[in-house]
Protein chains: 2
Amino acid sequence: MKVLVAGGAGFIGSNLVEALLAEGHSVVCVDNFFIGTERNIAHLKNHPHFTLHEQDLCDLEAVQGIFERERFDFVFQMAANSDIQASAKAPEVEYRNTYTTTFNILEAMRMSDVKNLFFCSTSAVYGDAQGEKMDENYAPLMPISYYGACKLGCEALISAFSYMNGFHSLVFRFPNVIGPRLTHGVIFDFLKRLQENPKVLTILGDGRQCKPYLYVADLVSCILQFTKNLPEGVTLYNVGAETQSVVSGIAEIVCQEMGLQDVEFRYTGGRGGWKGDVPVFAYDLSKIHAAGWKAAMTSDEAVIQTVRDVLSCRQ
Amino acid sequence: MKVLVAGGAGFIGSNLVEALLAEGHSVVCVDNFFIGTERNIAHLKNHPHFTLHEQDLCDLEAVQGIFERERFDFVFQMAANSDIQASAKAPEVEYRNTYTTTFNILEAMRMSDVKNLFFCSTSAVYGDAQGEKMDENYAPLMPISYYGACKLGCEALISAFSYMNGFHSLVFRFPNVIGPRLTHGVIFDFLKRLQENPKVLTILGDGRQCKPYLYVADLVSCILQFTKNLPEGVTLYNVGAETQSVVSGIAEIVCQEMGLQDVEFRYTGGRGGWKGDVPVFAYDLSKIHAAGWKAAMTSDEAVIQTVRDVLSCRQ
């Protein structure tokens, strides 16, 4: 199969590219290196089935040009601004890098008659459900971040484009995804802060924020499993681990893996880490479990493995 | 109050501008005359509290400039591509005129610290619920038109912007709205076709499409009632008539009002009039009824009055 991985130089994108190449597919990666980096895919550059285009997907004409030349069988839309905290002060980043990139890909698919799509959505579309377990039909969807808002807008576009053009679309709502090549988030921040000052760790909020963390290899194997034989229309799943990790517990794990003792934790206080953050959430995963998939790692196991991945890369 | 009516030269927009002026407000109308027309507001041009800017709201810098100069108390975002049938072949029209205009208005509100918003959403966000009665928490929302998809995307943006910036936002999901200055839709089409050929009327679909039609004066009075004392956050209502009108019945009304007899109806067949059309829908209106509003006209009364409005304008 010839596939496009949009945002393929990003954290999840580059892990997916590796897995697709390992399965024997020809992979075209398009990335603007806004969050993704050349380093993430440097080891793939000489692979005979790997092609890289440095291109901003906000340019519809350029995207259409790539689609006309490459004739894709399947499109994985992984391009987005994934740093919610950063876009809280600049919503236009989400308008461009999350929404417009998706619109342009859907429009290019429509014009070039490409029918198969995978889209990475997010738990952020649900907004702050105050810890209530959310299944895929949870309502109302009231995102509190610009990132969640633009991802929900993308899901809506996929619904209409799929109906109007007979697309086969798979949409996964991810929780926090972690693992090698992580670019931001609580684990990344803790490691960085402790490397700068191993005696004191500042923790945003009250440390009781509690969410499921999913290891990226678990997610990638799930994507590969469910993109085979997609039915027409939109298929939507919550994807995650059944367990959750508490922020203060993540701090403990990071200290332990770094071999640090007696680190003073300083909490900034308040329920959420920052405005737009959903401090507590839990998925109802019945639908994807019934379809034959479960995360291999618990949330805490994913945290521990990720800390080890990042530390071993830095040595 | 100084208010912006974005899209104020359009069908619903111009009816709203009249009502706001009649209540004593200062009204600034911004329109790009893509669907709206100068004719719709010609009678208001010399009103001492009316200002018109011809401006495409897709230009964020220009929108911000207007916000900085005018210092609005309240924003009514009525600008959109309202012709769903037309955008079915050109989704980019919705991306620009429905989604981007709304993003730019929200961004300008954020930058200029304007807190009060009215937004006209649509029944099209629900998708095709196969006639099931939809309340505001109906899920999943699976729009089948690009218009419905972009409006749902706008609702998501409003949710995030309201949370992040303390906006007071009112969102109405409209059904088909009809009345003086109508620009398209089934009544408009039937009148035009019968004026060209009073013997035969082509009807798209099987004629059994059945939807609630709301008279524009009813809607405008509802908007004025609910924009007073808005609470912080997003307040969302379905707005409509409890009754519905059937397309073949609308054809009968139009013939009768035009004084035509023995018109041959030719049905093109199929459930929906065109791809992306939701042929049958019904609202659950409990929420807005409980809040103290009901439509004054039934759906059929609205159809009859609209046919008379349009015919009397054309004489």
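**Exercise 1. Identify the residues that lie nearest the centre of the largest cavity.**

Solution. The largest cavity, in this predicted model, is lined by 30 residues. Leu141(A), Leu152(A), Leu141(B), Leu152(B) and Arg173(B) lie nearest its centre. Here a cavity is a set of points on a 1 Å grid over the protein atoms alone where a 1.4 Å probe fits but cannot get out, and lining residues have an atom within 4 Å of a point. Next, the lining divides into 21 nonpolar, 3 polar and 6 charged residues, where Ala, Val, Leu, Ile, Met, Phe, Trp, Tyr, Cys and Pro count as nonpolar, Asp, Glu, Lys and Arg as charged, and the others, Gly among them, as polar. Finally, H6(A) gives the most to this lining, with 5 residues; helices (H or I, at least four residues) and strands (E, at least two) are DSSP runs numbered from the N terminus.

**Exercise 2. Determine how S7(A) and S12(A) are joined.**

Solution. The two strands run parallel and are joined by 6 bridges; pairing requires at least two DSSP bridges. Within this pairing, Phe172(A) stands opposite Tyr237(A). In S12(A), 5 of the 6 residues are buried, that is, under 20% relative accessible area with a 1.4 Å probe, protein chains only.

**Exercise 3. Explain why Cys222(B) forms no disulfide.**

Solution. A disulfide is a pair of cysteine sulfur atoms within 2.5 Å. The closest cysteine sulfur to that of Cys222(B) belongs to Cys120(B), at 13 Å, and is therefore too far for a bond. Over all chains, the count is 0 disulfides.

**Conventions.** Residues are numbered from 1 along each chain as its sequence is written, and chains are lettered from A in the order in which they are written. Local features need pLDDT of at least 70, and side-chain atom pairs count only at pLDDT 80 or more, whereas totals for chains, interfaces and linings use all residues; side-chain values use heavy atoms, with hydrogens and water left out.

How values were computed: On a 1 Å grid over the protein atoms alone, a cavity is a set of points where a 1.4 Å probe fits but cannot get out, and a pocket is an open set with protein on both sides within 12 Å along at least five of seven lines; lining residues have an atom within 4 Å of a point. Buried means under 20% relative accessible area, exposed over 50%, partly exposed in between (1.4 Å probe, protein chains only).
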